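Subject: Structure handover

Hello,

Here is the structure we talked about. Please open it alongside this email.

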Amino acid sequence: MTGRVATRALMWCVAGTLSAQQPSSSPPAASQPAVERYEFALDLPAQGKHIVGGARVIYAAPIVVDTLRLDLDDAMRVSGVWIGCAEARERASFIHQADVLLVAVPSGSAGETRCLGVVYDGEPTDGLIVSTDSAGRWAAFGDNFPNRARHWLPTQDHPARKANVTWIVTVPAGRSVVANGALVSSVANPDSRVTTTWRTEHPIPTYGMVIAAAPLTKYNLGETACGFAEDGRCVPQMVWTAPEQEVWMPGHFARAGAIVEFFSRTIGAYPYEKLGHLQTSTRYGGMENPSAIFYFDSGFRRNNGIDDGLIAHETAHQWFGDAVTEREWAHIWLSEGFATFFAALWAQHAYGDTAYVRETAGMRDAVLKADVVTRRAVIDSVETDPNHLLNENSYPKGGFVLRMLRDEVGDSAFFSGLRRYYTAHRHGNAMTQDLQAAVEETSGRTLGWFFDQWLRRPGWAELRTSFAWNGATGRVTLLVEQGARFGAYQLTVPVEVVDASGARQRMRVPVEALASQAVVLPGTFNAAPASVRCDPEHTLLAVCTSK
């Protein structure tokens, strides 16, 4: 996802009782059964915001609790609830208030069924954004992040509870309906309305369960990244725009196939049935909904207005954020930091090392200017509002931490570790410690110190260095002092030595997490060096002052 923060990436970017409870960003109680699939049937209007909805919730195992809980905003009026699948269903009593739907499981049904049905209607206050486009045409777009699906869909609205989804959406003729997964059917009804069905076969987070219903035109990018889909086939890609903007296609979307292929080669097969790119009117500059990425409207109103850096960022989320989803909001850097870093990797692949250095330098600069980085850690378990976690910690600092991890363990261990992490948690959830364990396995190193200091502490390293030359031995000693503001860091510091003749030597030296230390540099020198600089190319999250 991309919103409006300082870096380039962000600028795009209870069972047993029927008492009402306040909604929160916490995961459902462990006693609540996991959902296997949601089936949403929606009837959308020709004008206005009133929707009619039906939801069938299919649980992964028979229901054994006496009360089921779903998140659903009070603006949605629930007219009926059923327990049971197919014909064997019965009405259930419920309480719907404080944005929570509590359903009493009828006596005798527990353990006998996996299905819950909800019929409701109303005008969504959020989540489904209904508006008119620049030509005055009605349009609606899902906009669920972080926990706004509850405003129009009855769900367990938390990323730890992923599920498959089926969409059955009826709209007036003349509108396109696009959603997650693969297109199943589009059927014209006798009343001149059209019912379109989309279906996923892989579980996705509720924040990415979306539809677009608007007068959109499809520009087909074709079968791309052949051999790199999970089933070994190609990845169908397409762009949906307002009719007037089709003239600008494909623009930078011409590179969408190469982006998917590069990320697939780097990490693993593309995880979904298709990849759609859509012109939308929602909150974010880009939103990584699985298989249906939403981009900001105005970017389509000029040639090449959506650049391949944004496309790469949102596409990277299909692997990191969508297929592997953070189990807790505090670990959202596993989504946003990864997407920021992988956009830089794409730049390196497409445009060379200079582009990678430029992208990562932008991350570093943003971190060093951000007040939130001085106060809060990347893994921020204190903040309870997920929206407030969309900041320089989770985007550029998270991205730059991955750049430093790559430098620390080397390309082979780094990319092998990422692949191991992805494969182990694909279509599920993960935490930072899962990433750490994977890279420790591939590198053969203990990395708790690295993850703790960069992700569980605020700030960055502050170093002051000087040097001394011993004429008798020809050795140079680097004297390092670390500032007290953020504490001492364990580092592998790049050092550049300029000798008396002007020749330059580069080396990497270990620095311990101590306030003051002396490190003898490798090699000997016939004369005192002209200068010794630490981190000359700014590859660390460090402010390094050299005398």
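Below are notes on the core, one tryptophan and one helix.

This is a predicted model, where local features need pLDDT of at least 70, side-chain atom pairs count only at pLDDT 80 or more, and totals for chains, interfaces and linings use all residues. Numbering runs from 1 along each chain as its sequence is written, and side-chain values use heavy atoms, leaving out hydrogens and water.

**The core**

The largest nonpolar core has 156 residues. Such a core is a set of buried Ala, Val, Leu, Ile, Met, Phe, Trp, Tyr and Cys residues joined through side-chain atoms within 4.5 Å. Leu-116, Trp-167, Phe-338, Phe-342 and Leu-435 touch the most other members. Helix 4 (residues 333-351) gives the largest share, 10 residues. Helices are DSSP runs of H or I, at least four residues; strands are runs of E, at least two; both are numbered from the N terminus.

**Trp-167**

Trp-167 sits in strand 11 (residues 164-172). Trp-167 counts as buried because its relative accessibility is 0%. Buried means under 20% relative accessible area, with a 1.4 Å probe and protein chains only. The side chains of Trp-167 and Asn-180 share a polar contact of 3.2 Å. That term means a pair of N or O atoms within 3.5 Å; within protein, one must be able to donate a hydrogen and the other to accept it, and residues adjacent in sequence count only if both atoms are side-chain atoms. The C-alpha atoms of Trp-167 and Asn-180 are 8.2 Å apart.

**Helix 3**

Helix 3 covers residues 308-316, and nine of its nine residues are buried. Asp-307 caps the N-terminal end of helix 3. A side-chain oxygen of Asp-307 lies 2.9 Å from the backbone nitrogen of Gly-309.

Best wishes

Technical notes
Buried < 20%, exposed > 50% of the residue type's maximum accessible area, 1.4 Å probe, protein only.
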